[in-house]
Amino acid sequence: MGRNEAITSKRLDTTAVVTTADAAGLLHGATITAAAADATLDLRDGGAAGTIKWSLHAKLEEGGNSISFATPIIFATDIYATITGTGAIASIAYEEIE
């Protein structure tokens with residue numbers, strides 16, 4: 001079984017760019033963990049005002065929510081994560097492409 005060593009992960013506790021700014025990326029999966037309130041992770045293509053390409057929500061009583069994609073989602077400009085919910089933590093598996 002093959003491995004893709006280009007895939008990396010990033011853990012965020014605040015809204016931030018995931019890939020390098022203005023660097024296209026492939027989204028392989030994401031997790032959002034609620035801490036003190038319900039949490040939402042919006043993954044945008046093109047910064048804070050970019051188009052939401054995927055969104056995850058986790059209720060506080062459920063703890064978290066995650067997804068992985070058999071075929072990654074392409075982000076043409078960059079991958080930008082908007083996180084809401086007090087104490088929420090997101091983990092994002094991605095690949096930066098040139």
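Let's fix one term before anything else: buried means under 20% relative accessible area, exposed means over 50%, and partly exposed covers what lies in between, with a 1.4 Å probe and protein chains only. By that yardstick Asp45 is buried, because its relative accessible area is 15%. We'll get back to Asp45 once the rest of the picture is in place.

What you have here is a predicted model, in which local features need pLDDT of at least 70 and side-chain atom pairs count only at pLDDT 80 or more, while totals for chains, interfaces and linings use all residues. Residues are numbered from 1 along each chain as its sequence is written, and side-chain values use heavy atoms, with hydrogens and water left out.

Start with the overall layout. The protein has eight strands and zero helices, where strands are DSSP runs of E with at least two residues, helices are runs of H or I with at least four, and numbering goes from the N terminus. Read from that end, the order is simply β-β-β-β-β-β-β-β. The radius of gyration is 13 Å, close to the 13 Å that the globule rule gives for 98 residues, so the protein is as compact as a globular protein of that length. That radius is taken over C-alpha atoms, and the rule is 2.2 Å times the number of residues to the power 0.38. Along the principal axes, the C-alpha trace spans about 40 × 35 × 15 Å. Of the 98 residues, 40% count as buried. Contacts (heavy atoms within 4.5 Å) reach far along the chain: among those between residues at least 6 apart in sequence, 76% join residues at least 24 apart.

Now for the inside. A nonpolar core is a set of buried Ala, Val, Leu, Ile, Met, Phe, Trp, Tyr and Cys residues joined through side-chain atoms within 4.5 Å. The largest one has 22 residues, and Leu27, Ile32, Leu41, Leu43 and Ile92 have the most contacts inside it. Strands β3 (25-33), β4 (39-45), β5 (51-58), β6 (64-75), β7 (79-84) and β8 (89-96) each supply at least two residues of this core. Leu43 gives a good view of how these pieces meet: beyond its neighbours within four places in sequence, its contacts include Leu27, Ala30, Ile52, Trp54, Phe75, Ile79, Tyr80, Ala81 and Ile92.

What about the charged residues of β4? Asp42, Arg44 and Asp45 are found in that strand. Asp42 is buried yet has no salt bridge, and the nearest side chain of opposite charge, Arg44, is 4.2 Å away. For the charges, Lys and Arg count as positive and Asp and Glu as negative, with His and the chain ends not counted. A salt bridge is a side-chain nitrogen of Lys or Arg within 4 Å of a carboxyl oxygen of Asp or Glu. What Asp42 does have is a polar contact from its side chain to the side chain of Ser55, at 2.5 Å. Such a contact is a pair of N or O atoms within 3.5 Å; within protein, one must be able to donate a hydrogen and the other to accept it, and residues adjacent in sequence count only if both atoms are side-chain atoms.

Arg44 is buried too, because its relative accessible area is 16%. A polar atom of its side chain lies 3.0 Å from the backbone oxygen of Gly50. Leaving aside neighbours within four places in sequence, Arg44 is in contact with residues including Thr51, Ile52, Phe75, Asp78 and Tyr80.

Back to Asp45, then. Which residue is its salt-bridge partner? Asp45 pairs with Lys53, the closest N and O atoms being 4.0 Å apart. The count of salt bridges comes to one. Lys53 is partly exposed, since its relative accessible area is 35%. The side chain of Asp45 also has a polar atom 2.9 Å from the backbone nitrogen of Ala76.

Two more stops are worth a look. Ser91, in strand β8, counts as partly exposed because its relative accessibility is 32%. Ser91 touches Lys10, Arg11, Gly29, Ala30 and Thr31, leaving aside neighbours within four places in sequence. Finally, Asp22 lies in the loop between β2 (16-17) and β3. Its phi is near 65°, a positive value in a residue other than glycine. Asp22 counts as exposed, because its relative accessibility is 66%.
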